[in-house]
There are 2 protein chains.
Amino acid sequence: MRTIRDPALLRSVMDEHRLSGRFGEKTEAVMELYRFDKGEMICRAEDSLDHLFILVKGKVKIYRVLPNGKSILLRFNNPLSLIGDMEMLGDLKVHNTVESVGESLFIGIKRQALADTAGEDPAFLRFIIKHLARKLNTNSSVASLNILYPVETRFASYLVAITADEHDRERIEELKASKLTEIAELLGTSYRHLNRVIAQFVAQGLIERTRGALYVKDIAGLQRLASGTLYS
Amino acid sequence: MRTIRDPALLRSVMDEHRLSGRFGEKTEAVMELYRFDKGEMICRAEDSLDHLFILVKGKVKIYRVLPNGKSILLRFNNPLSLIGDMEMLGDLKVHNTVESVGESLFIGIKRQALADTAGEDPAFLRFIIKHLARKLNTNSSVASLNILYPVETRFASYLVAITADEHDRERIEELKASKLTEIAELLGTSYRHLNRVIAQFVAQGLIERTRGALYVKDIAGLQRLASGTLYS
DNA sequence: TTTTGCTTGGGACATATGTCCTTTTGCTCC
DNA sequence: GGAGCAAAAGGACATATGTCCCAAGCAAAA
């Protein structure tokens, strides 16, 4: 992690995401820029965090490692998502590992500043609340989807989500994974089983597979399979 | 739903939960008391909510109905939990059904008052944030637990949680269920399968079953099975 | 080029879990 | 006490998913 002291860059980043003027002046004053390199960890379980981060550039991968050593990929996050909100604002321990996928840029607010300044700024607090609410919403949708539907349905739903790129481009990005093993983790299944489902979809003419890449052929058919359970 | 105009009762309820003086005066002024009868719905999917509710007495059951007609019990909530936070504060649609288990009492804040008054009160907003963060935390723990461990482990974890009543009584209550069918739903499995696991636990001497009731005999053994995955 | 290693693709088998049905048990109401 | 009912207990079978392997393709390193 490197602190970037470049007011002009901070300004332009805030403009880009329409954050300028959105919070109180005092809150803006305590914001700083931080950069993480590819593969660098923003936090991992049991860490104690000193900053609340707002991702403004790049992409992070959030996963959880469980006592039995297994891990589950929770999601990918793209700009304007919060890291450390639960920990800093809810007095909770870190449970998830957050890793920078490429190089990424964050606006950070130190713990002390959060308590003194931002914690008294209603606009900032409402911003946090809105993000928390959306996170919770996504999270519980995915959770119930995971437990009530077979991998077949979830994978169809996943494909529809990353393919239909008209609206909601953001949420889609949040779930995008490259390698098949990662998709398997995201869906909470084994690579082997995902593979079976892929083979089945190919047999049904829903998708096509060529040396590793997948091509959606029948989005309507996939939608039928997902039957209204879209990741959302 | 009935509005209860009884300032004295409101006062005593707020005292009981140490809410008095915690928020700004204006915020306190827009709080009202509401009562729901046994089995009454606080909200259900696609409803539009007009209030943010804080449960102060009773117990509510939160579940989600999915497009395929299946439903999953998400959790039971006990006093001082929020209903409608995601919807009112995150501009989201209602996705979960919330049902009053017995008779229950809420402090409610109307949508308009929320925007005008409470939404400008940092103390109130921090209260909301803290609750959202905890909800999210519980939710994602349970979600990964559900997907990565077999029912056997989850049920052991559940039993440990509701049995170890020393510390954390609140969180435990949140997950307590009476009938076995309800436990099955909570664990996201079928009653049949839960039954199998129970039979297995009995055979291993971990629990005892007598006309419907279960008695924990070997909490240490259950803890070993749960292996650090406690619902938390 | 060979080697090494990661990713893909898939066979064989074991296990976890779901669905459907029947039987039993304990209760309440007549 | 018997009828009727809801919850509980469990048998039989089907399906979903995991684990363990092995083999092939491709790309970077040696």
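This is a short conversation about reading a predicted model.

Me: Where should I look to see which residues surround DNA strand D?

Reply: Start with the residues that come closest, then ask which elements they belong to. Here 16 residues surround DNA strand D, and the closest include Pro150(A), Thr189(A) and His193(A). Chain A gives two or more residues to this surface from each of α6 (151-163) and α9 (191-203), and chain B does so from α8 (180-187) and α9 (191-203).

Me: Which element gives the largest share of the surface near DNA strand D?

Reply: That is α9(B), with three residues.

Me: How many residues of that surface are nonpolar, polar or charged?

Reply: Sort them by residue type: six are charged, six are polar and four are nonpolar.

Me: Now the inside. Which residues of the largest nonpolar core touch the most other members?

Reply: A core is read as a network of buried nonpolar residues with C-beta atoms within 7 Å. This one has 73 residues, and those touching the most other members are Ile128, Ile129 and Leu132 of chain A, together with Ile128, Ile129 and Leu132 of chain B. Take Ile129(A): apart from neighbours within four places in sequence, its contacts are in chain B, namely Leu89(B), Gly90(B), Leu125(B), Ile128(B), Ile129(B) and Leu132(B).

Me: In what order do the strands of the open sheet in chain A run?

Reply: Follow the pairing from one edge to the other. The five strands go β1-β2-β9-β4-β7, with antiparallel pairing. At the edges, β1 (2-4) and β7 (81-83) each pair on one side only. From one strand to the next, the twist averages 35°.

Me: What joins β1(A) to β2 of chain A?

Reply: Three bridges do, and the two strands run antiparallel. For example, Arg2(A) has Arg35(A) as its bridge partner in β2(A).

Key:
Residues numbered from 1 in each chain as written. Chains lettered and ligands numbered in written order. Predicted model: local features only at pLDDT ≥ 70, side-chain atom pairs only at ≥ 80, totals over all residues. Near = placed C-beta within 6 Å. Helix = DSSP H or I, 4+ residues; strand = E, 2+ residues; numbered from the N terminus. Nonpolar A, V, L, I, M, F, W, Y, C, P; charged D, E, K, R; others polar. Buried ≥ 20, exposed ≤ 12 C-beta atoms within 10 Å, placed from the backbone. Contact = placed C-beta atoms within 7 Å. Pairing = 2+ DSSP bridges. Axes fitted to C-alpha atoms, helices over the stretch in contact; angles between N-to-C directions.
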